[in-house]
Amino acid sequence: MNEPTEIGSAFITESRSLLQTDYLPKIERCIEILSNEQIWWRANPDSNSIGNLLLHLSGNVRQWIVVGLGGAPDTRDRDAEFAQREMIPREELVERLRQTLKDADDALDAFDKDRLLEQFKIQGLDVSALAAILHVVEHFSMHTGQIIMLTKMFAARDLQFYDFKAGAPVHAWRSASTRAD
């Protein structure tokens, strides 16, 4: 394997890992703690609820990765993600996000690492595949942080994502079934 392919492969592997095994479990932990009412609470009419952010993350990941790089049809209605006011139950929101991340993971797994610098038209923009993946990971991270902050505000407690008792961080937020032993 040549060096650029190795770097591309490592980049895609790390991106897939961040989305599936870092950000998603943190969001799932937050959603477990909150009521449906808290998930749909808005600080003001111009703010987004956690529910809106989850719809938005699903739409964004699907458009940029599943559609943009994977070639699926684009059916996104971005405005509807933010306009949603009717409560969608937490289980449905999380399942949508999980399915979107599975579809994105499949698209990234199948993506030819040698095409990372190739240009794609996404949201009307000409972007490289590398930039599209980086955008999704960064965007997902930002909204995960917002969800964590709102959850801490509602729960008024540390979410204990990491355990430092052993001297090095252990991902305490992962359920026992997802931890590697």
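This text walks you through one helix, some charged pairs and a few individual residues of the structure above. Keep in mind that you are looking at a predicted model.

Let's begin with helix H5, which covers residues 90-110. How many Å should its 21 residues span at 1.5 Å a residue? The expected span is 30 Å, and the C-alpha atoms at the two ends of H5 are 30 Å apart, so the expectation and the model agree.

Now look at which parts of H5 are covered. Its buried residues are Arg-90, Leu-93, Val-94, Leu-97, Thr-100, Leu-101, Ala-104, Asp-105, Ala-107 and Leu-108. These residues cover an arc of only 165° around the axis, which means they lie on the same side of H5. On the face turned away from that buried side, you can find the exposed residues Glu-91 and Ala-110.

Helix H5 also brings us to our next topic, charged pairs. Side chains of opposite charge can pair when their charged atoms come close. In this model, the count of salt bridges comes to 11. One of them lies within H5 and links Arg-98 to Glu-95, with 3.7 Å between the closest N and O atoms. Because these two residues are three residues apart in the helix, about one helical turn separates Arg-98 from Glu-95. Are they buried or exposed, or something in between? Arg-98 is partly exposed at 38% relative accessibility, and Glu-95 is partly exposed too, at 41%.

A salt bridge with buried partners joins the side chains of Arg-76 and Glu-81, at 2.7 Å from N to O. To count as buried, a residue must have under 20% relative accessible area. Arg-76 has 19%, so it counts as buried. Glu-81 has 7%, so it counts as buried as well.

Another pair is formed by Glu-118 and Arg-115, whose side chains meet in a salt bridge of 2.7 Å, N to O. Here Glu-118 is partly exposed at 35% relative accessibility, and Arg-115 is partly exposed at 29%. Salt bridges can also share partners: in this way Arg-16, Asp-105 and Asp-109 are joined into one network. You have already met Asp-105 among the buried residues of H5.

Next, turn to the surface. Leu-117, Leu-130 and Leu-134 make a nonpolar patch of about 300 Å² there. Leu-117 sits in the loop between H5 and strand E1, and with a relative accessible area of 70% it is exposed.

For a contact of another kind, find Thr-5 in helix H1, which runs over residues 3-33. Thr-5 is buried, with a relative accessible area of 15%. Its side chain makes a polar contact of 2.6 Å with the side chain of Asp-114.

Finally, let's visit two residues picked out by their backbone angles. Gln-123 has a positive phi of about 50°, although it is not a glycine. You will find Gln-123 in the loop between strands E1 and E2, where it is partly exposed at 39% relative accessibility. Ala-156 also has a positive phi without being a glycine, with a value near 50°. Where is Ala-156 found? Ala-156 is in the loop between helix H6 and strand E3, and at 66% relative accessibility it counts as exposed.

Methods: Residues numbered from 1 in each chain as written. Predicted model: local features only at pLDDT ≥ 70, side-chain atom pairs only at ≥ 80, totals over all residues. Heavy atoms only, no water. Salt bridge = Lys/Arg side-chain N within 4 Å of Asp/Glu carboxyl O. Buried < 20%, exposed > 50% of the residue type's maximum accessible area, 1.4 Å probe, protein only. Helix = DSSP H or I, 4+ residues; strand = E, 2+ residues; numbered from the N terminus. Patch = residues over 30% accessible without salt bridge, like charges linked within 9 Å, V, L, I, M, F, W, Y side chains within 5 Å. Areas by Shrake-Rupley, 256 points an atom, 1.4 Å probe, with all protein chains shown as cover. Expected span 1.5 Å × (residues − 1). Arc of directions from axis to C-beta. Polar contact = N/O pair within 3.5 Å; in protein donor to acceptor, adjacent residues only side chain to side chain.
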